[in-house]
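This briefing goes through one protein chain by topic, from a single arginine outwards. Please keep the sequence and the structure open while reading.

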Amino acid sequence: MATNKAPPVKKSQEQIIAGFQELRQQQRAIASKISELEIDMKEHDLVIETLQEVDGNRKCFRMVGGVLVERTVKDVSPALANNRDQIKGEESKEVDKQEKEVKAGGVLVES
């Protein structure tokens, strides 16, 4: 059984440097996204912590799609916790994505 393997393609130094620069730019973009998600998570945690001490029937306001809506604390708290959990999941995905790209990029530069 013969396998057809293409011989490794030699890359010029300029191509390697350009590939490295592109990977570095992708890494910065992903790191920026992770930082943004962490800030959002901290904001959610702060609001959730603050609302725990407030009566559940008290009025509160929440921005939904650019519109300020009036709700009660007992309605808003579960939604905030759900949003925070989604942000944590998205952050984990971004970290995994960055790790995969770095690993793939290392193989790309070596070939």
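**R84 and its surroundings**

R84 is found in helix α2. The model is a predicted one, and the values below are computed from it. R84 is a useful starting point for the salt bridges, the helix contacts and the core.

- R84 has a relative accessible area of 17% and counts as buried, because the limit for that class is under 20%.
- Leaving aside neighbours within four places in sequence, R84 is in contact with M41, H44, D45 and I48.
- One of these contacts, D45, also forms a salt bridge with R84, with 3.2 Å between the closest N and O atoms.
- This pair links distant parts of the chain, since D45 lies in helix α1 and R84 in helix α2, 39 residues apart.
- D45 has a relative accessible area of 31%, so it is partly exposed, whereas its partner R84 is buried.
- The salt bridges at this place form a network that links D45, R84 and D85.

**Other salt bridges**

How many salt bridges does a search of the whole structure find? The search finds four, among them the D45 and R84 pair described above.

- E90 and K33 meet through their side chains in a salt bridge, at 3.6 Å from N to O.
- This second pair also links distant parts of the chain: E90 is in helix α2 (residues 73–110) and K33 is in helix α1, 57 residues apart.
- E90 is partly exposed at a relative accessible area of 34%, and K33 is partly exposed at 29%.
- Another salt bridge joins the side chains of K59 and E70, at 3.9 Å from N to O.
- Here the distant parts of the chain are two strands, with K59 in strand β1 (residues 59–64) and E70 in strand β2 (residues 67–72), 11 residues apart.
- K59 counts as exposed because its relative accessibility is 55% and the class begins over 50%.
- E70 has 44% relative accessibility and therefore counts as partly exposed.

**The β1 and β2 hairpin**

The strands that hold K59 and E70 are also paired through their bridges.

- β1 and β2 run antiparallel and are joined by six bridges.
- K59 in this pairing has T72 of β2 as its bridge partner, while its salt bridge goes to E70.
- R62 is paired in the same way with a residue of β2, its bridge partner being V69.
- Two residues lie between the strands of the hairpin, and G65 takes a positive phi near 60°.

**The nonpolar core**

Which residues make up the largest nonpolar core? Its six residues are I48, L51, C60, V73, V76 and L80.

- The elements that give two or more residues to this core are α1 and α2.
- The most comes from α2, which gives three residues.
- I48, one of the core residues, touches L80, A81 and R84 when residues up to four places away in sequence are not counted.
- The contact between I48 and R84 ties this topic back to the buried arginine.

**Helix α1 and the annotated region**

D45 and K33, which take part in salt bridges above, both belong to helix α1. The points below concern that helix and a record that covers part of the chain.

- An unreviewed UniProt entry carries the annotation "coiled-coil region" for residues 20–54.
- In the model, residues 20–54 are 94% helix and 0% strand.
- The C-alpha atoms at the two ends of residues 20–54 are 52 Å apart.
- T50 lies in helix α1, which covers residues 13–52.
- The side chain of T50 reaches the backbone oxygen of L46 at 2.8 Å.
- Is T50 buried, partly exposed or exposed? T50 counts as partly exposed because its relative accessibility is 44%, between the limits of 20% and 50%.

Methods:
Residues numbered from 1 in each chain as written. Predicted model: local features only at pLDDT ≥ 70, side-chain atom pairs only at ≥ 80, totals over all residues. Heavy atoms only, no water. UniProt positions renumbered as here; feature names shortened; annotations may be inferred. Helix = DSSP H or I, 4+ residues; strand = E, 2+ residues; numbered from the N terminus. Buried < 20%, exposed > 50% of the residue type's maximum accessible area, 1.4 Å probe, protein only. Polar contact = N/O pair within 3.5 Å; in protein donor to acceptor, adjacent residues only side chain to side chain. Contact = heavy atoms within 4.5 Å. Pairing = 2+ DSSP bridges. Core = buried A, V, L, I, M, F, W, Y, C linked by side-chain atoms within 4.5 Å.
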